[in-house]
Amino acid sequence: MRIIVAVTGASGSIYGWRLLEKLRAAGGVEVHLVLSRAGERTAHLELEKSAQDFRALADCWYPVEDIGCRLASGSFPTEAMIIAPCSIATMSSIAAGISSNLIVRAADVTLKERRRLVLMVRESPLHLGHLRSMTALAEMGAILAPPVPAFYHKPQSVEEIVDHSVDRVLDLIGLPQADARRWDGPGK
């Protein structure tokens, strides 16, 4: 399975980090990474991780400016693309079809080829323009999966809260995690 992972500058770089760790551990997944410059900065501020740390978890990585690389072409087969976290600027550019960098271009290709595009949009509160962009993306076939925590599994750490959202995204691309905490009804 070949997956594109993009990390933007929205707060929540832990989502991209945990996603990369889980994809690496899953085995049989070829990960292609695009990390925006703002994503690099946010990862450093939030996690004290460098771009090199992120790249070490991927099979291939590309500069965000490289709009001529293979991820920019529909002839390069991938199963899905996940943007984790996805900034409002990136989401809005995808909705408008503005391919100004590799993240947005790869997302555009993912949509036009009818592949799964999952956006872990990180912003709150949302104004009407954001909601209209989300609606347009949903109509285009994107899956909007903001990392909204669940508490029925009684998380004991930030990592457990993050993992719940990441595991849900992995479900959406057909890579369910055996250790994912799932609802099984009350009292079970």
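User: Where is R114 found, in terms of helices and strands?

Analyst: Keep in mind that this is a predicted model. Phi of R114 is near 60°, a positive value in a residue other than glycine. With a relative accessible area of 70%, R114 is exposed. As for its place, R114 is found in the loop between α5 (102-112) and β5.

User: Which value does phi of K154 take, in a residue other than glycine?

Analyst: Most residues other than glycine have a negative phi. K154 sits in the loop between β6 (143-144) and α7 (158-172), and at 60% relative accessibility it counts as exposed. Its phi is positive, near 50°.

User: What is omega for the peptide bond from A84 to P85?

Analyst: Most peptide bonds are trans. P85 is found in strand β4. The bond from A84 into P85 is cis, and its omega is near -5°.

User: And where does P125 lie?

Analyst: P125 is also worth a look for its backbone: the peptide bond from S124 to P125 is cis, with omega near -5°. P125 itself lies in the loop between β5 (116-121) and α6.

User: How many disulfides does the structure hold?

Analyst: Take C60, where the nearest cysteine sulfur, that of C69, is 9.9 Å away. A disulfide needs the two sulfur atoms within 2.5 Å, so C60 and C69 at 9.9 Å don't qualify. For the whole structure, the number of disulfides is zero.

User: Is C69 buried or exposed?

Analyst: Buried means under 20% relative accessible area. C60 is buried with a relative accessible area of 19%. C69 comes out at 11%, so it counts as buried.

User: Which side chain makes a polar contact with the side chain of K22?

Analyst: K22 has its place in helix α1 (residues 13-26) and counts as buried because its relative accessibility is 7%. Leaving out residues up to four places away in sequence, K22 touches D163, V166, D167, L170, Q177 and D179. The polar contact, at 2.9 Å, is with the side chain of D167.

User: How many residues apart in sequence are R18 and D163?

Analyst: R18 forms a salt bridge with D163, with the closest N and O atoms 2.7 Å apart. R18 is in helix α1 and D163 in helix α7, so the pair ties together parts that are distant in sequence by 145 residues.

User: What is the relative accessibility of D163?

Analyst: Its partner R18 is buried, with a relative accessible area of 13%. D163 counts as buried too, because its relative accessibility is 13%.

User: How many salt bridges does the structure hold?

Analyst: One of them joins the side chains of E113 and K112 (2.7 Å, N to O). In that pair, E113 is partly exposed with a relative accessible area of 31%, and K112 is partly exposed with 41%. The structure's total number of salt bridges is 12.

User: Which residue forms a salt bridge with D171?

Analyst: D171 counts as partly exposed at 22% relative accessibility. The closest N and O atoms of the bridge are 2.8 Å apart. The pair links helix α7 to the segment after α7, 11 residues along, and the partner of D171 is R182.

User: Which side chain makes a polar contact with the side chain of E65?

Analyst: E65 is found in the loop between β3 (60-62) and β4 (80-86). Salt bridges that share partners join R37, E40, R55 and E65 into one network. The polar contact of the E65 side chain, at 2.9 Å, is with the side chain of R37.

User: How many Å separate the C-alpha atoms of T135 and A95?

Analyst: T135 lies in helix α6, where S133 is found as well. S133 is buried at 15% relative accessible area and touches M91, S92 and A95, not counting residues up to four places away in sequence. T135 is partly exposed at 43%. Along the chain T135 and A95 are 40 residues apart, and their C-alpha separation is 8.9 Å.

User: What accessible area do L126, L128 and L131 have together?

Analyst: L128 has its place in helix α6 (residues 128-140) and counts as partly exposed because its relative accessibility is 48%. L126, L128 and L131 form a nonpolar patch on the surface, and their accessible area together is about 240 Å².

Note on methods
Residues numbered from 1 in each chain as written. Predicted model: local features only at pLDDT ≥ 70, side-chain atom pairs only at ≥ 80, totals over all residues. Heavy atoms only, no water. Patch = residues over 30% accessible without salt bridge, like charges linked within 9 Å, V, L, I, M, F, W, Y side chains within 5 Å. Areas by Shrake-Rupley, 256 points an atom, 1.4 Å probe, with all protein chains shown as cover. Salt bridge = Lys/Arg side-chain N within 4 Å of Asp/Glu carboxyl O. Helix = DSSP H or I, 4+ residues; strand = E, 2+ residues; numbered from the N terminus. Buried < 20%, exposed > 50% of the residue type's maximum accessible area, 1.4 Å probe, protein only. Polar contact = N/O pair within 3.5 Å; in protein donor to acceptor, adjacent residues only side chain to side chain. Contact = heavy atoms within 4.5 Å.
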